[in-house]
Structures are given as C-alpha cells and as structure tokens.
Amino acid sequence: MEDSQFPSSSGSQGRIRNARTKHLGKPRLNLQEQALEKIAALYWDVNCVCNFQQIVNDAPFKDDYTEYQRMKHNTELFINQAVTDYISALNTGTTTRCVSFISQTSWKIFAICAHSEAFQLASVHAGSSGWFTLVDLIKQNSRSLEVFARSRELEWRGCLLTYCQYNIPGLQEELSPELNIAQEHPHHTVLLADGHLKRPIFQGQAQVHIGTSIWEPEFYPNHPTASPDQRTKLMGACFLCRSRKICQCSFQSMAGDLVELFESPNMGTGIRSLGSFNRGDYLGEYAGIVAPVNVQSTEAVYALSISAPNNITGKMDTKANVFPHQYGNWTRYINHSCEPAVSYVCTVVGDKVTTGLRANRKISMFEVLTVDYGNDYWRTRDYYCLCGTPSCMKPDPNRMCE
Ligand SMILES: [Zn+2]
Ligand SMILES: [Zn+2]
C-alpha cells in the first residue's frame with residue numbers, strides 16, 4: 001500500500017514531531033506558513049475530538065474512552081486557567097495571551113480552540129509574532145471554525161456553563177441556545193460569504209450526502225441486476241493489494257472530514273480545503289447513483305462516467321454513469337479550473353471500479369479545490385470559464401481586455 005494514497009495531515013503530535021526535524025534540509029517556514037500549519041492542526045484536533053466523542057457515545061471501548069477523557073480533562077484544565085486569568089485581569093488589568101484572545105474573539109471561539117492540543121501548545125510556546133499571526137488567522141476564519149465545530153457537534157458549551165456563576169461579562173449571552181446544525185451531515189451546510197448558512201439544493205430538492213455510490217436495480221428493470229460498476233476479471237488487479245482476485249479492499253480517506261462547502265458569488269458552491277494534502281493523495285470517491293452506461297442524465301451537470309481497463313484490448317471501457325444530482329458526496333461541488341489541483345481517476349479497488357479524486361500537487365490549508373471538467377463540458381456550454389489561470393481554454397474575451 002502506498003503512503004501517497006492517504007492524506008498527509010496529522011494531529012498536533014505529528015506536526016510537533018515534524019517541526020522538530022524541520023531543520024534537516026527543509027527550508028524554514030515564514031510566519032504565515034507556520035500559522036497555517038498550526039490552524040490546520042487546530043481543525044484536525046477539533047475533528048479528532050468530535051470523532052472520539054461519537055465513538056465513545058456509540059460504543060465505548062476502554063482505550064477510546066480513556067483517550068477521550070484525557071483530551072477532555074486537558075481542555076477543562078486549560079479553560080479553567082483562562083477563566084481564572086480573565087477574572088484576575090478584570091481586577092488587576094494584567095492580561096495573558098488567552099485573556100487577550102477571548103477579548104479579541106469570543107468565549108465560544110476560545111472554547112472551540114481550547115479542544116485543540118496544537119492551540120494549547122501555541123498559546124504557551126509560540127513566539128510573539130507567531131502567536132499574533134495565528135490569532136489573526138483564527139479571527140479571519142472564526143465563522144468557518146465555528147461552523148466546523150458545531151456541524152460536528154463539538155460539546156464546547158458545557159465547558160463554559162460551570163463558570164456562569166461568576167457573572168463574567170459577555171459569557172452568559174454567548175451560551176444562549178442556537179440552531180442545531182449537527183442534526184444534518186456537515187456537508188449539508190454551505191457557508192455563505194456573509195457568514196449565513198444554506199442547505200445545498202438542486203432543482204428544488206435538498207441534496208443528500210451518501211458515503212459511497214449506490215446501485216438501485218429497480219430503477220433499471222431492463223438491466224442485469226449486477227451493478228454496472230462491479231469489478232470483473234477483465235479489469236486486472238486491485239489498485240491497492242494488486243490481487244487479481246476480487247478482494248475486500250476499499251479506499252479510506254479522511255479528506256472529506258477536512259473540507260468545507262462555501263458559496264462564491266460567481267461560481268456557486270465550491271470546496272475549500274481545511275487541511276494540507278500531498279501530491280498523489282486520494283481524496284475520496286466521486287459518489288452518486290450508479291446508472292447503466294446507456295442511461296443518460298437529463299442534466300449535464302454533475303454526471304460523470306466510470307471507465308475500467310480492458311486487459312484484452314488494452315483500452316478503457318466505459319462501464320457506468322454516476323449521477324450525484326440528489327444523492328452524492330462533497331466531491332460533486334468541486335469547481336472547474338483549467339489548472340486544477342485535483343483530477344478524476346478511474347480505479348479498480350476491491351469489488352468495483354470507481355472514479356476517485358486525487359491531488360495533482362501539494363494542496364495547502366484553505367486552498368479552494370478545483371478539477372478539470374474536460375473539453376466535452378465546455379463544448380456544450382454557452383458561458384465562459386472563470387478560472388482566470390494563464391492556460392484557461394475558454395476565457396471571457398471582455399474580461400481579458402479590461
Ligand atoms: Zn484489493
Ligand atoms: Zn479556465
């Protein structure tokens with residue numbers, strides 16, 4: 001199994017280990033790059049805590065429970081110290097980094113950040129300039145971070161409730177109930193430029209997240225019951241285990257945990273990365289409703305075909321179509337660019353052939369993900385491409401003259 005198939009993001013401990021070995025031939029990161037690494041670790045840590053929270057709630061195993069309690073205890077100690085310092089600052093005027101952070105952001109953002117070991121460590125060990133750069137970055141992305149934590153049901157409110165008895169200015173107001181967006185999958189929430197949220201809709205119907213593609217044979221009574229994306233011996237070896245027999249492999253990627261659906265004024269819903277990924281990383285399956293190859297979608301957007309190698313002819317055969325219009329995952333929202341960050345790749349894995357998304361190059365924290373929709377897409381469109389890259393194949397001539 002190749003390491004490059006999996007996202008490179010790691011938790012704060014991994015990042016700290018990496019930082020310790022950075023001097024070995026690697027260029028030193030500037031302040032902004034260091035802050036981006038730290039905020040990437042912050043999102044990672046928050047996601048990790050939420051995953052543990054869910055595992056412990058669903059089926060507590062001793063090791064998971066112990067690790068979750070350890071994280072929770074550290075967060076509570078960290079918040080307790082900050083509250084003590086905050087109350088002391090009200091009387092003495094002596095401020096600390098966390099007190100100043102709460103004044104500049106909010107109790108809510110502080111409680112969310114306090115769940116991250118990377119943030120806890122930075123508040124103690126980061127140099128002054130590095131800390132200020134990180135705080136600025138958190139302030140710029142505070143709504144994103146809040147939506148990220150709330151949509152994953154981070155229990156940030158309970159950590160602060162206990163301090164209401166001290167009449168701390170502003171605290172009680174921030175703890176008032178708000179819309180529970182965690183009842184929906186995180187990818188049922190799109191962050192608008194003005195901070196509002198919306199549900200992704202296609203032709204008046206709410207779009208629904210699915211983890212993997214679905215084959216519904218009753219939709220296609222004239223087709224054999226076997227899914228058209230099912231792997232056959234003709235397709236050759238499994239990409240992961242190289243076995244020529246049908247195997248149980250499946251791609252696993254955490255990339256979907258570390259992306260955000262956002263609305264851009266010109267290009268509609270898009271995807272922003274909330275982690276960093278390496279070239280070659282597999283980011284996820286292009287999931288949707290599987291249809292036989294002779295069934296065409298009435299809507300050209302989103303539809304994509306799946307191809308598989310034919311070991312006899314040496315060519316790629318189109319095997320199925322994927323329609324993620326109503327049922328699909330986050331990959332359907334990736335916008336087009338003529339110089340894309342990721343590519344569609346048809347791959348044989350386990351018992352099926354699938355279209356996945358793979359990073360063409362290093363992808364940085366907060367980068368907008370793009371993919372090439374292909375010449376066929378642009379041939380049938382009467383509008384111009386807005387990607388703005390030097391190699392754009394269909395730029396708006398009016399914009400170029402401006
Ligand atoms: Zn396999
Ligand atoms: Zn373009």
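**Exercise 1. Describe how strands S10 and S12 pair, and place them in their sheet.**

Strand S10 (residues 289-292) and strand S12 (residues 316-323) pair in the antiparallel sense over four bridges, where helices (H or I, at least four residues) and strands (E, at least two) are DSSP runs numbered from the N terminus, and two strands pair if DSSP finds at least two bridges between them. This is a predicted model, in which local features need pLDDT of at least 70 and side-chain atom pairs count only at pLDDT 80 or more, while totals for chains, interfaces and linings use all residues. Residues are numbered from 1 along each chain as its sequence is written, and chains are lettered from A and ligands numbered from 1 in the order in which they are written.

Step 1. Locate one bridge: Val290 has Val322 as its bridge partner in S12.

Step 2. Extend to the sheet, which is open, has four strands in the order S6-S10-S12-S11 and shows mixed pairing. Its edges are strand S6 (214-215) and strand S11 (304-309), each of which pairs on one side only.

Step 3. Recall the general background: strands of a sheet pair through backbone hydrogen bonds, either parallel or antiparallel.

**Exercise 2. Determine how strand S16 is enclosed, and by which strands it is paired.**

Step 1. Count burial, a residue being buried if 20 or more other C-beta atoms lie within 10 Å of its own, exposed if 12 or fewer, and partly exposed in between, with C-beta atoms placed from the backbone. Eight of the eight residues of S16 (residues 352-359) are buried, so this strand is largely enclosed by the rest of the structure.

Step 2. Separate the two faces: Lys352, Thr354, Gly356 and Arg358 lie on one side, Val353, Thr355, Leu357 and Ala359 lie on the other, and both sides are covered.

Step 3. Identify the partners. Strand S15 (residues 342-349) runs antiparallel to S16 and is joined to it by eight bridges, whereas strand S9 (residues 282-285), also antiparallel to S16, is joined to it by three. Leu357 is the bridge partner of Tyr344, and Leu357 is likewise the bridge partner of Gly284.

Step 4. Inspect the turn: S15 and S16 form a hairpin with two residues between them, and Gly350 in that turn has a positive phi of about 65°.

**Exercise 3. Characterise the contact between the two domains.**

Step 1. Set the bounds, which come from an automatic or database domain assignment: the chain is divided into domain 1 (3-183) and domain 2 (190-401). Their C-alpha centres lie 32 Å apart.

Step 2. Count the contacts, two residues being in contact if their C-beta atoms, placed from the backbone, lie within 7 Å. On this basis 17 residues of domain 1 are in contact with 19 residues of domain 2. Helix H2 gives the most to the side of domain 1 that touches domain 2, with six residues.

Step 3. Classify that side of domain 1, which divides into 10 nonpolar, six polar and one charged residue; here Ala, Val, Leu, Ile, Met, Phe, Trp, Tyr, Cys and Pro count as nonpolar, Asp, Glu, Lys and Arg as charged, and the others, Gly among them, as polar.

Step 4. Examine helix H8 (142-151), which, like H2, supplies at least two residues of that side. Seven of the 10 residues of H8 are buried, including Leu145, Val147 and Phe148. The buried residues of H8 pack against several elements, among them H2, helix H5 (107-113) and strand S7 (259-264). After H8 comes Glu153, whose phi is positive, near 60°.

**Exercise 4. Find the residues and the helix that contribute most to the largest nonpolar core.**

Step 1. Apply the criterion: a nonpolar core is a set of buried Ala, Val, Leu, Ile, Met, Phe, Trp, Tyr and Cys residues joined through C-beta atoms within 7 Å. The largest such core has 80 residues, of which Ile39, Tyr43, Val46, Ala82, Phe110, Ala111 and Ile112 touch the most other members.

Step 2. Assign its sources. Helix H2 (residues 31-58) gives the most to this core, with 12 residues. Domain 1 and domain 2 both give residues to the core, so it lies between them.

Step 3. Follow one member: leaving aside residues up to four places away in sequence, Ala82 touches Cys98, Val99, Ile102 and Phe110.
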